[in-house]
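Me: I would like to learn how to read a few local features from a structure. Could you take me through them one at a time?

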Amino acid sequence: MDDSNTHKVDTELGSMTEQGNVDAKPPDEPHNVVPLPLPHPPPPPPPTIDFRIQFTTATKFDNRAQMLKWVSDLARSLGFVTVIVKSDNEAIGRKGYVHIGCQRGGKYREYCHRKSEQKMTLKCGCPFKLKSYLLSSGQWSLNVVNDEHKHEMTGDFQGHKYAQRLLPEEKELVRELTENMALPRNIMTTQKKRRPQTATTMKHIYNIRCRMNMAIRGSRTKMQHLMKCMTEGKYLYNHRVIPGTETMSDIFWAHLDSVKIFNTFPTVVMMDSTYKTNKYRLPLFEIVGSTSTGRTYPVGFAFLSQEKEDKFVWALQSIRGMLLCQDDMKVIVTDRDQALINAVNIVFPKCTPLICRYHIQMNIKANFIKKAKLGRKLRIRTVWRHVKIL
Ligand SMILES: [Zn+2]
């Protein structure tokens, strides 16, 4: 036991006695001292695993790719990942060879000096090594140089950079599926069905998609590319920038087909904002029309930087500009957003503003049932009977 700790405990007991504590133990009784935790035992030496038998083969491979695939598949089944350490492509006067090592071989070389970056590495100096040579017959031989691994094998390759790589044909598949508007999660499912042992993650699929988008965009900025896509896609758009800057604050767009339908069925229009639809956290203001057959169609959309009256006025003026006869709009249905209702009264003073039934119903559910003490199990139809004034 440490002397300093004994002294500390004695001092504490002494101070308790001095204060007249009746529960304090007499000095001749053994002190109840908490023992110090033992120092951590040294970590056990890494296990040495020998795979000489598994990789010793008299088979000659027809080509380099076949040899690499055989080695890679066998290594995976044993619980580690192989990498090409060194190779030479049969240049003039030189013999083709490939040196294959374990992914955990070598030392970690620091390339990032930021302190915030978490430094983690799998490398532990594993000495495993295979050598393959191109024979004069055109075939490839395989020899075991070092059969030892200085680490444990794994069955889960998540986080192993080389094991997560997509094969060239898989990358092509991601590109094709992305062009056909497949969602990343569906692409991932397809990959796993084709190659169940794949350790790839969603990040790899997103990276390929990002590279594709950058290649399509070229030297244009994101906003320039958006404008180009809207023009090519036959969209009518309008935007505003923050005064004194080049930063876009609001954007409104509508398809030319929507403009045609809107001019045919302009009588009833519904408006509402939805949230969490984009990474910029901008509310999406959506305008939907209704046809004479009771079906709905999109009129236009706007990303507004704020849900304020002047923003809604700007968006509604954009809609008004789409109409050939501006008095055809009769009814505008909104939620109970006062800023939007005010904007409707400013831009369309002749229209009848109505509040959406769904929003009234939600409000009754949230407030009326609680205030009238009707009980939670009451059905909404029954509640309507209790509502006298709306
Ligand atoms: Zn190894």
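Reply: The turns below go through a metal site, helix packing, buried residues and backbone angles. Keep in mind that this is a predicted model.

Me: Start with the metal. Which atoms coordinate the zinc ion?

Reply: C102 and C126 each coordinate the zinc ion through SG, H149 does so through ND1 and H151 through NE2, at 2.0 to 2.3 Å.

Me: What geometry does the site of the zinc ion have?

Reply: The general idea is to compare angles with an ideal. For four tetrahedral donors the ideal angle at a metal is 109.5 degrees. Here the angles among the four donor atoms run from 99 to 118°, and the site of the zinc ion is tetrahedral. The test applied is that all angles lie between 85 and 135 degrees.

Me: How are the donor residues of the zinc ion spaced in sequence?

Reply: The spacing pattern is C-x23-C-x22-H-x1-H. One pair, C102 and H151, links distant parts of the chain, 49 residues apart. C102 belongs to strand β3 (residues 97-102), while H151 is in the loop between β6 (148-149) and α4 (161-164).

Me: Are C102 and H151 buried or exposed?

Reply: Both C102 and H151 are buried.

Me: Now helix packing. At what angle do α6 and α7 pack?

Reply: For a helix pair, look at the angle, the axis distance, the handedness and the contacting residues. Helix α6 (residues 184-194) and helix α7 (residues 202-217) pack at about 120°, and their axes are 10 Å apart. Angles from 65 to 115 degrees would count as roughly perpendicular, so α6 and α7 are oblique to each other. The crossing of α6 past α7 is right-handed. On the α6 side the contact is made by P184, R185, I187 and M188, and on the α7 side by M202, I205, Y206 and R209.

Me: What about α5 and α7: at what angle do they pack?

Reply: Helix α5 (residues 168-179) packs against α7 at an angle of about 65°, with the axes 10 Å apart. This crossing is right-handed. K171, V174, R175, T178 and E179 of α5 meet I205, I208, R209 and M212 of α7.

Me: Next, burial. Why does S258 count as buried?

Reply: Burial is read from relative accessible area, with under 20% as the cut-off. S258 has a value of 10%, so this residue is buried. S258 sits in helix α9 (residues 256-264) and touches Y297, P298 and V299, leaving out residues up to four places away in sequence.

Me: And which residues does A343 contact beyond its neighbours within four places in sequence?

Reply: A343 is in contact with E309, F312, V313 and L316. A343 lies in helix α11 (residues 338-347) and is buried, with a relative accessible area of 0%. Sequence distance and spatial distance can be read together here: A343 and F312 are 31 residues apart in sequence, and their C-alpha atoms are 5.9 Å apart.

Me: Last, backbone angles. What is the phi of K276?

Reply: Most residues other than glycine have a negative phi. K276 is not a glycine, yet has a positive phi of about 55°. R281, also a residue other than glycine, has a positive phi near 60°.

Me: Where are K276 and R281?

Reply: K276 is in the loop between β9 (268-274) and β10 (284-290), and R281 is found in the loop between β9 and β10 as well. Exposure takes a relative accessibility over 50%. K276 is at 83% and therefore counts as exposed; R281, at 76%, counts as exposed too.

Methods: Residues numbered from 1 in each chain as written. Predicted model: local features only at pLDDT ≥ 70, side-chain atom pairs only at ≥ 80, totals over all residues. Heavy atoms only, no water. Donors = N, O, S within 2.8 Å, 3.2 Å for Na, K, Ca; no water. Tetrahedral: all angles 85-135°; square planar, octahedral: opposite > 155°, others 65-115°. Helix = DSSP H or I, 4+ residues; strand = E, 2+ residues; numbered from the N terminus. Buried < 20%, exposed > 50% of the residue type's maximum accessible area, 1.4 Å probe, protein only. Axes fitted to C-alpha atoms, helices over the stretch in contact; angles between N-to-C directions. Parallel < 35°, antiparallel > 145°, perpendicular 65-115°, else oblique. Left-handed = near helix turned anticlockwise from the far one by under 90°. Contact = heavy atoms within 4.5 Å.
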